[in-house]
Amino acid sequence: MTQVTQSQQRGIQLSQSALLQVKSLQQKQGNELCLRVGVRQGGCSGMSYMMDFEDTSKITPQDEVFDYDGFKIVCDGKSLLYLYGLMLDYSDAMIGGGFQFTNPNAAQTCGCGKSFGV
């Protein structure tokens, strides 16, 4: 099992390796950025994950914000219905590496791991 940072009660969980990776990417792009995580229609299984850095000024009152040692993950309420309990992990393996989503709400996932169905 991947080590999770301090609090297990967050709606979106982040492994230590994923936290280190997103912090590294954040420093390259600008320190005032947060990571927005969400879902959109599409992908092999009906819904696909999305994540991107955005300026913290774009956080709205409708967003849920999860703080990891000063790094913020933001998710809109509608997406959080599908992502609550999500574990975001990172692997630097040559095959199958990158960010990996483990979603307890997914009834099915595609082979690439970037989309799911509920």
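Student: Which residue in E6 is the bridge partner of Gln13?
Tutor: This is a predicted model. Strand E1 covers residues 12-14 and pairs with E6 in the parallel sense, over three bridges. Gln13 falls in that pairing, and its bridge partner in E6 is Met87.

Student: How many bridges join strand E6 to strand E7, and in which sense do they run?
Tutor: Strand E6 spans residues 86-91 and strand E7 spans residues 98-102. One bridge pair here is Ser91 with Gly98 in E7. The two strands run antiparallel, and the bridges between them number five.

Student: Which residue in the turn of the E6 and E7 hairpin has a positive phi?
Tutor: The hairpin leaves six residues between E6 and E7. Within that turn, a phi of about 80° belongs to Gly96.

Student: What is the phi of Asp69, and where does the residue lie?
Tutor: Most residues other than glycine have a negative phi. Asp69 is not a glycine, yet its phi is positive, at about 50°. Asp69 is partly exposed because its relative accessible area is 47%, between the 20% and 50% cut-offs. Its place is the loop between strand E4 (63-68) and strand E5 (71-76).

Student: What is the order of elements along the protein chain?
Tutor: The protein chain has two helices and nine strands. Helix H2, for one, covers residues 77-83. Read from the N terminus on, the order is β-α-β-β-β-β-α-β-β-β-β.

Student: How many aromatic pairs are there, and how is the pair of Tyr49 and Phe101 arranged?
Tutor: A search of the whole structure gives three aromatic pairs. For Tyr49 and Phe101, the centres are 4.2 Å apart and the planes differ by 5°. Planes under 30 degrees apart count as stacked. The arrangement of Tyr49 and Phe101 is therefore stacked.

Student: Why does the pair of Tyr49 and Phe101 tie together parts that are apart in sequence?
Tutor: Tyr49 sits in strand E3 (residues 47-55), while Phe101 sits in strand E7. The pair therefore links parts whose separation in sequence is 52 residues.

Student: Are Tyr49 and Phe101 buried or exposed?
Tutor: The cut-off for buried is under 20% relative accessible area. Tyr49 has 10%. Phe101 has 15%. Both values fall under the cut-off, so Tyr49 and Phe101 count as buried.

Student: How many disulfides does the structure hold?
Tutor: A disulfide is a covalent bond between the sulfur atoms of two cysteines. Cys34 is buried, because its relative accessibility is 0%. Cys75 is also at 0%, so it counts as buried too. The number of disulfides in the structure is zero.

Student: Which strand gives the largest share of the largest nonpolar core?
Tutor: The largest nonpolar core has 23 residues. Ile12, Leu14, Val22 and Ile73 have the most contacts inside this core. The largest share is four residues, and they come from strand E2 (residues 33-41).

Student: What percentage of the residues of the protein chain count as buried?
Tutor: The protein chain has an accessible surface of about 6700 Å², with 50% of it on carbon and sulfur atoms. The chain has 118 residues, and the portion that counts as buried is 40%.

Student: What share of the contacts with a separation of 6 or more comes from residues 24 or more positions apart?
Tutor: These contacts are taken within the protein chain. For residues 24 or more positions apart, the share is 52%.

Student: How far apart in space are Ala106 and Met47?
Tutor: Ala106 is in the loop between E7 and strand E8 (108-109). Ala106 counts as partly exposed because its relative accessibility is 22%. In sequence, Ala106 and Met47 are 59 residues apart. In space, C-alpha to C-alpha, the distance is 9.7 Å.

Student: How far apart in space are Gly77 and Pro61?
Tutor: Gly77 belongs to helix H2. Its relative accessibility is 36%, so Gly77 counts as partly exposed. Gly77 and Pro61 are 16 residues apart in sequence. Their C-alpha to C-alpha distance is 9.9 Å.

How values were computed:
Residues numbered from 1 in each chain as written. Predicted model: local features only at pLDDT ≥ 70, side-chain atom pairs only at ≥ 80, totals over all residues. Heavy atoms only, no water. Pairing = 2+ DSSP bridges. Disulfide = S-S within 2.5 Å. Buried < 20%, exposed > 50% of the residue type's maximum accessible area, 1.4 Å probe, protein only. Phe/Tyr/Trp six-rings, centres within 6.5 Å; stacked < 30°, edge-to-face > 60°. Core = buried A, V, L, I, M, F, W, Y, C linked by side-chain atoms within 4.5 Å. Contact = heavy atoms within 4.5 Å. Areas by Shrake-Rupley, 256 points an atom, 1.4 Å probe, with all protein chains shown as cover.
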